[in-house]
Amino acid sequence: SVRAEGFTIWSKCGYHQGCPLSPLLAALTLHVLNQKMAKVKGAVFGETPVFSKSFLDDGTVAGRHDTIEAVVNFLESEVCSTRGAVINPGKSELVWLKPEHERRGFLMDSKWDRPDGNGGIIRGFGSRINNGNFEMLGAPVGDEQFTYDYIVEHCISRARKAWGIISKMKEDAQAALYLLRACGNWSRVTHIMRTVPVALAARALRQFDVELRKAFVATTGFDP
């Protein structure tokens with residue numbers, strides 16, 4: 001119930017948006033489902049996922065192709081749907097690091113399409129990635145060139161636009177410097193530094209530093 005100014009609004013059924021019980025009950029429900037999902041076994045090799053971690057409604061599962069198919073079947077089952085947990089294929093992505101030619105048994109299932117000669121993909125899901133380079137939770141996962149290109153596109157290129165506008169504020173250098181400190185894409189860079197190995201991100205981060213210094217000089221007129 002909610003109490004305000006002497007009035008009480010009673011919640012008689014379920015929970016509502018804004019109710020403090022809402023995230024707690026959702027987390028408890030997802031916790032049980034995640035535990036069950038981690039024990040799902042593939043039909044061909046009989047293996048459970050080698051990795052299964054979730055943060056609220058964002059989850060990552062890794063394993064053989066038949067294991068992933070079993071996990072998807074579990075997520076589409078009544079065990080999940082009756083608890084309000086419904087998978088959204090449009091916001092999900094299958095990442096295939098390498099082909100497994102022995103996965104013949106389940107590729108004949110109607111759930112799988114055969115877009116090319118290398119394998120199938122569960123219908124409705126995002127594009128297949130088979131070169132080992134992909135994005136996960138706002139961070140690049142892959143080789144050095146992929147990491148460099150990702151940081152340039154998502155961090156440096158976006159910051160350049162803000163830096164270019166800020167550097168033109170010649171009439172108020174103090175406000176420009178404040179905006180430079182506030183709009184330098186720091187949060188994204190900090191996230192990259194915490195999630196990407198230094199050896200892979202070093203080249204792109206050095207470029208970020210060089211361009212940031214130029215933006216500082218253009219904004220303040222001071223070249224240390």
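The bend at a residue is the angle between axes fitted to the seven residues ending there and the seven starting there. By this definition, helix α8 has a kink of about 30° centred on Ala204.

The structure is a predicted model, in which local features need pLDDT of at least 70 and side-chain atom pairs count only at pLDDT 80 or more, whereas totals for chains, interfaces and linings use all residues. Residues are numbered from 1 along each chain as its sequence is written, and side-chain values use heavy atoms, with hydrogens and water left out.

## Overall composition

The protein chain contains 8 helices and 8 strands; helices (H or I, at least four residues) and strands (E, at least two) are DSSP runs numbered from the N terminus. Of its 224 residues, 29% are buried, where buried means under 20% relative accessible area, exposed over 50%, and partly exposed in between (1.4 Å probe, protein chains only). The accessible surface comes to about 14900 Å², and carbon and sulfur atoms account for 57% of this area; the areas come from the Shrake-Rupley method with a 1.4 Å probe, and for residues only the protein chains shown count as cover. Among contacts (heavy atoms within 4.5 Å) between residues at least 6 apart in sequence, 54% join residues at least 24 apart.

## Helix α8

Helix α8 covers residues 198-220. The expected span of a helix is 1.5 Å times one less than its number of residues; for the 23 residues of α8 this gives 33 Å, and the end C-alpha atoms are 30 Å apart, which agrees. The residue at the centre of the kink, Ala204, is also one of the buried residues of α8, together with Ala201, Leu205, Phe208, Glu211, Leu212, Ala215 and Thr219. An α-helix has 3.6 residues a turn, so residues three or four places apart point the same way. Cover for the buried residues of α8 includes α5 (144-166), α6 (173-182) and α7 (186-195). After α8 comes Gly221, which has a positive phi, near 75°.

Ser167, in the loop between α5 and α6, touches Thr219 as well as Ala218, when residues up to four places away in sequence are not counted.

## Helix α2 and the β3-β4 hairpin

Helix α2 (residues 65-75) includes Thr67. This helix is mostly covered, with 9 of its 11 residues buried; among them are His65, Asp66, Ile68 and Phe74. Outside its neighbours within four places in sequence, Thr67 is in contact with Val40, Gly42, Glu47, Thr48 and Pro49.

Strands β3 (residues 51-55) and β4 (residues 58-62) pair in the antiparallel sense over 5 bridges; two strands pair if DSSP finds at least two bridges between them. Ser54 has Gly59 of β4 as its bridge partner. The two strands form a hairpin with 2 residues between them, and Leu56 in the turn has a positive phi of about 55°.

## Accessibility and polar contacts

Ser92 lies in the loop between α3 (78-81) and α4 (104-107). Its C-alpha atom is 9.8 Å from that of Thr60, which is 32 residues away along the chain.

| Residue | Relative accessible area | Class |
|---|---|---|
| Thr67 | 0% | buried |
| Ser167 | 16% | buried |
| Ser92 | 21% | partly exposed |

A polar contact is a pair of N or O atoms within 3.5 Å; within protein, one must be able to donate a hydrogen and the other to accept it, and residues adjacent in sequence count only if both atoms are side-chain atoms. A polar side-chain atom of Thr67 lies 3.1 Å from the backbone oxygen of Glu47. The side chain of Ser167 reaches the backbone oxygen of Gly164 at 2.9 Å.
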